[in-house]
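Okay, thanks for making time, everyone. I'd like to walk you through one strand and then out to the interface around it. Let me put it up on the screen.

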Protein chains: 2
Amino acid sequence: MSPLASIVSAGMSRFGRREGLYWRELFLEAFKEVIDRCPNLDPKKDIKAIYLGMMSSEYERQGHTGATASTWAGLLPVEAIRTEAACASAGAAVRFGVAMVASGLHDVVLVGGVEKMTHRPTPEVTSFLATADDFHFDQWHGLTFPGFFALMAVAHFNRYGSNEEDLARVAVKNHKNGALNPKAHFQKEITLEEALKSRVVAWPLKLYDCCPITDGASLLLITRPDIARRFTDTPVNIIGQGFACGSILAFEKDFEKVSFESNVEAARQAYLMAKVKPKDIDVAEIHDCFTIAELIEYEDLGFCRKGEGSRMIREGIVELGGKIPINTSGGLKCKGHPVGATGAAQLYEIYLQLTNQAGRRQVRGAEIGLAHNLGGPGASAVVTICSR
Amino acid sequence: MSPLASIVSAGMSRFGRREGLYWRELFLEAFKEVIDRCPNLDPKKDIKAIYLGMMSSEYERQGHTGATASTWAGLLPVEAIRTEAACASAGAAVRFGVAMVASGLHDVVLVGGVEKMTHRPTPEVTSFLATADDFHFDQWHGLTFPGFFALMAVAHFNRYGSNEEDLARVAVKNHKNGALNPKAHFQKEITLEEALKSRVVAWPLKLYDCCPITDGASLLLITRPDIARRFTDTPVNIIGQGFACGSILAFEKDFEKVSFESNVEAARQAYLMAKVKPKDIDVAEIHDCFTIAELIEYEDLGFCRKGEGSRMIREGIVELGGKIPINTSGGLKCKGHPVGATGAAQLYEIYLQLTNQAGRRQVRGAEIGLAHNLGGPGASAVVTICSR
């Protein structure tokens, strides 16, 4: 089919501990890059709407994210709305941007997300993050996200014979990639031994199995495909997308098959719409909030058969230079996970890869890329497929 | 132009203090009505997505509103996303539902909003509501919403000669209408004297100039216009819509003209798209979070010339039986204002009016209706125009 929409520019703040800045300033850092990359853009004239993912307004006691962003970007009276789907909040913003453009209601929209997290004490951050979990059944009983993904990891170990080393290998790979990304939170490699010896957070997950708490913003400029070349000679087309939910309740998760129904359904929709198969994907950014999530997603997204995730990492298939490089940006693990920004930051990396701007981590000849953004206990998933 | 989308069913929980219930239960109460009104609907098969407005996840420490709703409604793995634009959060959800349907990405979507507020102490509620205001410039200096709208009222008095009695008349009218609405928070009339003698909250606003803190949910079932009659013989068409932002900063507001630029711009877009004029509107629900807001909106939405708002209420033009009955539901003032639900509850009333189901408050022969939903310090505004 013809593309749904085109990405014609993109921006991302540096990810990390951004002391002394508010989220609106990180948003502007990303917005400046969107403008700088797109000399043909007249922001005030061209941009018709802003859709911005943010998971929690509690970090800065600032809600009304859309109007705040529209005010700060000097784009008033442009329409602006916040989207929230936990860690998939920016994926949701992209989703709405695509729909707006595909509907003809708007021709050029700015979408993305932002989160400023590191200025709050870790226990507060943990409690804000936990609101992505069911209050009554999960938060109430103390099930945090490391705890939940640890349960998934044990189930995967038992059912499929994966192990702690496989998880550590995912961390090592993503740090190796992130070391090549000047905007990543961490820009250093780690060894398998360091990962395995890091302190246990929730067994079998250790410190290096968990993504960090990070500040950042990321944005994409999306247009109707037929006008994309007004803004750039190298648009990236969104050719398929799917969004699906799974239960918000941890006890309803599939610990038998060790899979998220949301992933499988969102991927099915996206592949169907894009008319491509998993084997056609040249590069992918997938949601490695914990290393075990990445392993499960290799399977849920169809890059291998169910249960074979560990083979993908053991055999180097997902490394830079492998058959399908995954999380070339460093992933959430090393690039960082400013929750509301992540879904757009993944597409930022796909945009760089498909326009041959990914520098030392460039996947040569990449033509089709996939981004996968997960929310909470696998309760929201967005899969977006792009082609150059 | 042809309609953007059609409303084929609608539901609203009873508004008020709903003790012992969680928001998900209010959501289900509204959802049950959507189903009951629409015998041809097979929810699991037909509904493709849920977009749900909620202003703050802090009331129940429950974010990830979309996935929670999708889980609780038994609609998994259906796509579900929360929208937030302060008090215009449900208006934003409707906006995205319209875009999804207009884009062809989905044919049937459930949109609306919910908020459960009354179980928290009032100072907490006030602080949650204040996140719709700029943190640095307004919250920080103690500017609450009653304070902000009081400033607008004083400016309007000075510039246009309106007065406290005009404000009280708005309250009296809305209570008179709300007394006819079995789902309204308050279902009783008040006298002009009671309103004028009620205690001062922020002069010139008194208790009866302020909407209450309320629990509630409201939903609309929206489809592509060409399939609407599969679900009902009396669809209501969405023929125009506009969304615009104004500054998040109180000091940047137009205290000279006493107008919200967001209102004016959103209305301009909606009228243009619908090809109707203010004089064509038969019934309207507008955002009377404070009585002064309703007065300003008569002007901003073009029902009278700038500065003539008080004439509309003095001369009974906006009463039931008047030339353009406004807030026949009782408005936010009397029906209540569960923040995230309000934008959809307004369209619920318009749906009832245009399908001749509004009972004792029916506007005879109403063919074109308008809903206006405002967020925060006039920083977000959505205007939706419907025809039967």
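So, this is a predicted model, and I want to start with strand 3 of chain A, residues 79-84. That strand is mostly covered, with six of its six residues buried. You know the pattern: side chains in a regular strand alternate between the two faces of the sheet. Here E79(A), I81(A) and T83(A) go one way, while A80(A), R82(A) and E84(A) go the other, and all are buried.

What's beside it? Within the chain, strand 2 of chain A, residues 49-53, pairs with strand 3 in the parallel sense, over five bridges. L52(A), for instance, sits opposite R82(A). Put helix 3 of chain A, residues 65-72, between those two strands and you've got a right-handed β-α-β unit.

Now look across to chain B. Strand 3 of chain A runs antiparallel to strand 3 of chain B, joined by three bridges. E84(A) has R82(B) as its bridge partner there. And R82(A) makes a salt bridge to E84(B), with the closest N and O atoms 3.1 Å apart. Across the whole interface there are eight salt bridges and 30 residue pairs in polar contact. On the chain B side, helix 4, residues 89-103, gives the most, with eight residues.

How much area do the two chains bury between them? About 4800 Å², with 60% of it on carbon and sulfur atoms. Of what chain B buries against chain A, R61(B), H64(B) and F96(B) supply 16%, more than any other three residues. In contact terms, that's 64 residues of chain B against 64 of chain A.

Okay, that's my tour. Over to you.

Notes: Residues numbered from 1 in each chain as written. Chains lettered and ligands numbered in written order. Predicted model: local features only at pLDDT ≥ 70, side-chain atom pairs only at ≥ 80, totals over all residues. Heavy atoms only, no water. Buried < 20%, exposed > 50% of the residue type's maximum accessible area, 1.4 Å probe, protein only. Helix = DSSP H or I, 4+ residues; strand = E, 2+ residues; numbered from the N terminus. Pairing = 2+ DSSP bridges. Right-handed = clockwise from strand over helix to strand, strands pointing away. Contact = heavy atoms within 4.5 Å. Buried area = accessible area lost by both parts, 1.4 Å probe. Salt bridge = Lys/Arg side-chain N within 4 Å of Asp/Glu carboxyl O. Polar contact = N/O pair within 3.5 Å; in protein donor to acceptor, adjacent residues only side chain to side chain.
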